[in-house]
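Please open the model in a viewer and keep the selection panel at hand. The tour proceeds by selections, each followed by a description of what is found there.

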Amino acid sequence: MQSEKKRDTMLQTEDNRSTNQVKKETSNVYKVDKLNLWYGKDQALKDITLDIPEKTVTAIIGPSGCGKSTFIKTLNRLTEMVPIVKTSGEVYYRDNNIFNKKFSVEKLRTKVGMVFQKPNPFPKSIYENVVYGPRIHGIKDKKVLDEIVERSLKDAALWDEVKDRLKENAFGLSGGQQQRLCIARCLAIEPDVLLMDEPTSALDPISTLKIEELVQELKKKYSIIIVTHNMQQAGRISDRTAFFLNGEVVEYDDTSNIFSSPQDQRTEDYVSGRFG
Amino acid sequence: MNVRSTYEQELASLQDEVFNLGKEVIQTFERAMELLDKGKGHLLQDIIDYDKVINKKELEIHDKATLMIAKQQPVATDLRTTIVALKISSDLERVGDLSIDIIKASRRMTAFQPEHKIEEMREMASIAVSMLDRALSAYKHKDLMTAQQIAVLDDKVDAKYKMFVRGLFAMSIEQNEIENIAQLAFIGRYIERIADYATNLAEWIVYEQNGQHFDLN
Ligand SMILES: Nc1ncnc2c1ncn2[C@@H]1O[C@H](COP(=O)(O)OP(=O)(O)OP(=O)(O)O)[C@@H](O)[C@H]1O
Ligand SMILES: [Mg+2]
């Protein structure tokens, strides 16, 4: 009779897979609870509820304008710089409500670094770019700063390429190198989370693969949330994937599930290249 | 506008090729059984030769699917459909090989033709053919109900095979025909394997549709 039963269930898709809540054993860097966000009258995020586990790569995918950038910018409170923005709901970073008046934005941003689509180094030397954050935090000791530069550039897989020209202007680097420099700049202040908004969309394929390799290395130490338009990239580098559509999370699951057997037809259509 | 219509056409034609391969394999199996019936295994050289064509077709499906994966990087259902075409064609190719094994075993048999044993094999084979037919139809029409029925038929073949082997044991004690009885046992075993492959096909069809693996065996 055992086998009869097995066959009965065969016709239904088992719906016991993980939902938006990540399993208990892993700790979460972020817990997002019913987050809504409006630009004036236009709602850009609708009831977003999801947990983001630590030391994993979480990919945010979805068609243009679905709210990906808005979402990750909210995670380090960059959206509130837009005057017309209103939010409701809760975002917890390591159990601290980031919208709480008592919670310091500065502290949040030292813990949560951000890398943008276009590399944006400062018009300074490679060295000065990296030590910019630590200097702001009052580190003056040359030896300490040197160590930070070496460690950060090594972690960003850029050290070997630039160690002999640290005093040169950062604009002399290639696009891919500039992007890794921006990552090194984030790492210099020893963050906990790295937010990346389409970090490779302005890069050539080899630089893109270097960043992807780097992300795999970085996730051993950091939690990474990456927005990408490149489906193969999401598949290659992320552990979890959230599919956004019109400001909502349609599906959030292990990346392998999202790309092999998504539960929602809209996810299926999007990841298999039928719209977007 | 459907932005992937070229790919969808390629997928559909891949599935057609798998389906046609299946039809040819079933014919091979049926002819193998038919000639065993009449004790004319030696006449089957053309089928044995045709098996090379079947193998070649299976490789063509393999190459085509591989190229599609490389060029289109399918995911989700597209990917499963492509992988399942690969899996099903390779299972079908194995059914073709087993049919050839049946012919070869029947050639090794001498005049010894115990009618009731042949009849039992004929029954097993006809269920196995029906399983293959249904599997192909379920594959074509993405029909999970039919896929499910195949498992029930496989249980029947297994039961019949058990009886068949038991009967052969009894015979081997009574008669001095060890060599022929061994060949009969082989053939029964090949048919039973073919039914297993038909069940595999059903499992792949389920996987293609909902991404889950079920052991129907
Ligand atoms: N500063 C702003 N003021 C008003 N509306 C905005 C602002 N920024 C974004 N929006 C709107 O919010 C919605 C979500 O935009 P967002 O930039 O988050 O999308 P996205 O998913 O990152 O898109 P893309 O893939 O094109 O980068 C869009 O409709 C956009 O027009
Ligand atoms: Mg964006």
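Select A:Val32 together with A:Val91: the latter, in strand 4 of chain A, is the bridge partner of the former. The model in view is a predicted one. Extend the selection to strand 1 (residues 28-39) and strand 4 (residues 85-93) of chain A, which run antiparallel and are joined by 8 bridges. Next, display the whole open sheet to which these strands belong: it has 4 strands in the order 2-1-4-5 of chain A, with antiparallel pairing. At its edges stand strand 2 (42-53) and strand 5 (96-97) of chain A; each has a single partner strand, so one side of each lacks a neighbour in the sheet.

**The second sheet of chain A**

Now select strands 6, 7, 8, 3, 9 and 10 of chain A, which in that order make an open sheet of 6 strands with mixed pairing. The edge positions are held by strand 6 (112-115) and strand 10 (248-254) of chain A, each with a single partner strand, so that one side of each has no neighbour in the sheet. On average, neighbouring strands of this sheet are turned by 15° against each other, direction ignored.

Narrow the selection to strand 3 (residues 57-61) of chain A. Is this strand enclosed, and how many of its residues are buried? The count is 5 of the 5 residues, so strand 3 of chain A is largely enclosed by the rest of the structure. In a regular strand, side chains alternate between the two faces of the sheet. Colour the two faces of strand 3 of chain A separately: A:Val57, A:Ala59 and A:Ile61 lie on one side, A:Thr58 and A:Ile60 on the other, and all are buried.

Add the strands that pair with strand 3 of chain A. Strand 8 (residues 223-227) of chain A pairs with strand 3 of chain A in the parallel sense over 4 bridges, and A:Ile224 in strand 8 of chain A stands opposite A:Val57. Strand 9 (residues 240-245) of chain A also pairs with strand 3 of chain A in the parallel sense, over 4 bridges. Three residue pairs can be picked out here. A:Thr58 stands opposite A:Arg240, A:Ala59 has A:Thr241 as its bridge partner, and A:Ile61 has A:Phe243.

Proceed to strand 9 of chain A, where 6 of the 6 residues are buried, so this strand too is largely enclosed by the rest of the structure. One side carries A:Arg240, A:Ala242 and A:Phe244, while the other carries A:Thr241, A:Phe243 and A:Leu245; both faces are covered. From here, follow the chain into strand 10 of chain A, which pairs with strand 9 of chain A in the antiparallel sense over 6 bridges. The two strands form a hairpin with 2 residues between them, and A:Asn246 in the turn has a positive phi of about 50°. Beside the turn, select A:Leu245 and A:Glu248 of strand 10 of chain A, which stand opposite each other.

**The helices of chain B**

Hide chain A and show chain B, which has 6 helices and 0 strands. Its C-alpha trace spans about 70 × 35 × 20 Å along the principal axes, and 52% of its 217 residues are buried.

Select helix 3 (residues 76-108) and helix 6 (residues 178-210) of chain B. Their axes come within 9 Å and cross at roughly 170°; the two helices are therefore roughly antiparallel to each other. The residues of this contact comprise 16 nonpolar, 8 polar and 8 charged.

Then display the largest nonpolar core, which has 73 residues; B:Phe29, B:Ile88, B:Ile102, B:Met121 and B:Ile191 touch the most other members. Helix 1 (5-37), helix 2 (45-72), helix 3, helix 4, helix 5 (144-174) and helix 6 of chain B each give two or more residues to this core. The greatest share comes from helix 6 of chain B, with 15 residues.

Move to helix 4 (residues 115-141) of chain B: its 27 residues reach 39 Å from the first C-alpha to the last, close to the 39 Å expected at 1.5 Å a residue. Directly after helix 4 of chain B, select B:Lys142, whose phi is positive, near 50°.

Finish at B:Thr66, which is located in helix 2 of chain B. Is B:Thr66 buried or exposed? With a relative accessibility of 39%, B:Thr66 counts as partly exposed, because that class lies between 20% and 50%. A distance label drawn from its C-alpha atom to that of B:Ile102, 36 residues apart along the chain, should read 32 Å.

Conventions: Residues are numbered from 1 along each chain as its sequence is written. Chains are lettered from A and ligands numbered from 1 in the order in which they are written. This is a predicted model: local features need pLDDT of at least 70, side-chain atom pairs count only at pLDDT 80 or more; totals for chains, interfaces and linings use all residues. Side-chain values use heavy atoms; hydrogens and water are left out. Axes are lines fitted to C-alpha atoms, for helices over the stretch in contact, and angles run from 0 to 180 degrees between N-to-C directions. Angles under 35 degrees count as roughly parallel, over 145 as roughly antiparallel, 65 to 115 as roughly perpendicular and the rest as oblique. Ala, Val, Leu, Ile, Met, Phe, Trp, Tyr, Cys and Pro count as nonpolar, Asp, Glu, Lys and Arg as charged, and the others, Gly among them, as polar. The expected span of a helix is 1.5 Å times one less than its number of residues. Two strands pair if DSSP finds at least two bridges between them. Buried means under 20% relative accessible area, exposed over 50%, partly exposed in between (1.4 Å probe, protein chains only). A nonpolar core is a set of buried Ala, Val, Leu, Ile, Met, Phe, Trp, Tyr and Cys residues joined through side-chain atoms within 4.5 Å.
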